[in-house]
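Colleague: I would like to learn how to read strand pairing, burial and pockets from a set of coordinates. Could we take one example and go through it feature by feature?

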Amino acid sequence: PDGGRIAFTSIRDGYDIYVMNADGTGQTRLTGGPGDESPNWSPDGKRIAFWSPKDDGYGEIYVMDVDGSNQTRLTDSPENDYQPSQSPDGSKIVFYSYRDGNYEIYVMNADGSNQTRLTDNSAWDGSPSWSPDGTRIAFQSNRAGNPEIYVMNSDGSNQTRLTDNSAWDWKSSWSPDGTKIA
């Protein structure tokens, strides 16, 4: 969040989460689980959300302090939960899950409570990302026949397709001012 450090996944010791200074120095391994991925900073830079199959073999959402301590499991689903993204105010986490038999977007409070499904269709929805002001969520969906970029309000309403491409479009990222999506 302050531009001074980067959290990333590396397969040098298995899939683990590391942090390093922005210049590449000070690389430190934070996790040691099988398949820890998708680190996402809290807005205040004190916590990192991630997903891991380390406890039950299914991807679950966790948070930890930036030194790797206090790892706390937030979800407990019989199916995979993936790619957490923390809201700009730190109060919510959006993620996608297969828990209802299809990949859909969910949101929960930062402590794991109040897990709520935002999308509900027969397509595959995933890779959610909060807008900088916290009012919208960009995501990918294959409801048009192949993955395209969509955006919706943070409560799941007003789901709107943004791209129309014969190739796959996914993994969107908001510009800092929220006016563009890469």
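**Reading the strands and the pocket**

Modeller: Start with a single bridge: Tyr-150 of E14 has Arg-161 in E15 as its bridge partner. Keep in mind throughout that this is a predicted model.

Colleague: How many bridges join E14 and strand E15, and in which sense do the two pair?

Modeller: The general idea is that strands of a sheet pair through backbone hydrogen bonds, either parallel or antiparallel. Here E14 and E15 (residues 160-161) are antiparallel, with two bridges. The two strands make a hairpin with six residues between them, and Gly-156 in that turn has a positive phi of about 95°.

Colleague: What does E14 pair with on the E13 side, and which residues stand opposite each other?

Modeller: Strand E13 (residues 136-141) runs antiparallel to E14, joined by six bridges. Ile-137 stands opposite Met-152, and Arg-136 stands opposite Asn-153. This is again a hairpin with six residues between the strands, where Gly-145 in the turn has a positive phi of about 110°.

Colleague: Where does E12 come in, and how many bridges join it to E13?

Modeller: E12 and E13 run antiparallel and are joined by four bridges. Trp-130 stands opposite Ile-137 of E13, the residue that also faces Met-152 in E14. Five residues separate E12 and E13 in their hairpin, and Gly-134 in the turn has a positive phi of about 80°.

Colleague: Are E13 and E14 mostly buried or exposed?

Modeller: For burial, the cut-off is under 20% relative accessible area. Five of the six residues of E13 are buried, so E13 is largely enclosed by the rest of the structure. Strand E14 (residues 148-153) is mostly covered as well, with five of its six residues buried.

Colleague: How should I read the sheet formed by E1, E2 and E3, and which are its edge strands?

Modeller: Ask which strands pair on one side only. The sheet is open, has three strands in the order E1-E2-E3, and its pairing is antiparallel. Strand E1 (5-10) and strand E3 (28-29) are the edges, each pairing on one side only. Between E1 and strand E2 (residues 16-21) there are six bridges in the antiparallel sense; one bridge pairs Ser-10 with Asp-16 of E2.

Colleague: Beyond E3 there is a loop. Is Thr-31 buried or exposed, and what does its side chain reach?

Modeller: Thr-31 sits in the loop between E3 and E4. Its relative accessible area is 4%, so Thr-31 counts as buried. The Thr-31 side chain reaches the backbone nitrogen of Ile-17 at 2.9 Å.

Colleague: Now the largest pocket: what is its volume, and which residues lie nearest its centre?

Modeller: For a pocket, take the volume, then the lining, then the chemistry. The volume is about 610 Å³. The lining consists of 22 residues, with Asn-40, Ser-85, Ser-129, Trp-130 and Ser-173 nearest the centre. Strands E4 (37-41), E8 (81-86) and E12 (125-130) each supply at least two lining residues. By class, the lining has nine nonpolar, twelve polar and one charged residues.

Colleague: What is the mean pLDDT of the protein, and which elements have the lowest and highest values?

Modeller: The general caution is that where pLDDT is low, the predicted coordinates should not be read in detail. In this model the mean is 93, and 100% of the residues reach 70 or more. Among the elements, E4 has the lowest mean pLDDT, at 92, and strand E10 (residues 104-109) the highest, at 98.

How values were computed. Residues are numbered from 1 along each chain as its sequence is written. Side-chain values use heavy atoms; hydrogens and water are left out. On a 1 Å grid over the protein atoms alone, a cavity is a set of points where a 1.4 Å probe fits but cannot get out, and a pocket is an open set with protein on both sides within 12 Å along at least five of seven lines; lining residues have an atom within 4 Å of a point. Grid points are joined across faces, edges and corners, and a volume is the space filled by probe spheres set on the points. Ala, Val, Leu, Ile, Met, Phe, Trp, Tyr, Cys and Pro count as nonpolar, Asp, Glu, Lys and Arg as charged, and the others, Gly among them, as polar. Two strands pair if DSSP finds at least two bridges between them. Buried means under 20% relative accessible area, exposed over 50%, partly exposed in between (1.4 Å probe, protein chains only). pLDDT is the predictor's confidence in each residue, from 0 to 100. A polar contact is a pair of N or O atoms within 3.5 Å; within protein, one must be able to donate a hydrogen and the other to accept it, and residues adjacent in sequence count only if both atoms are side-chain atoms.
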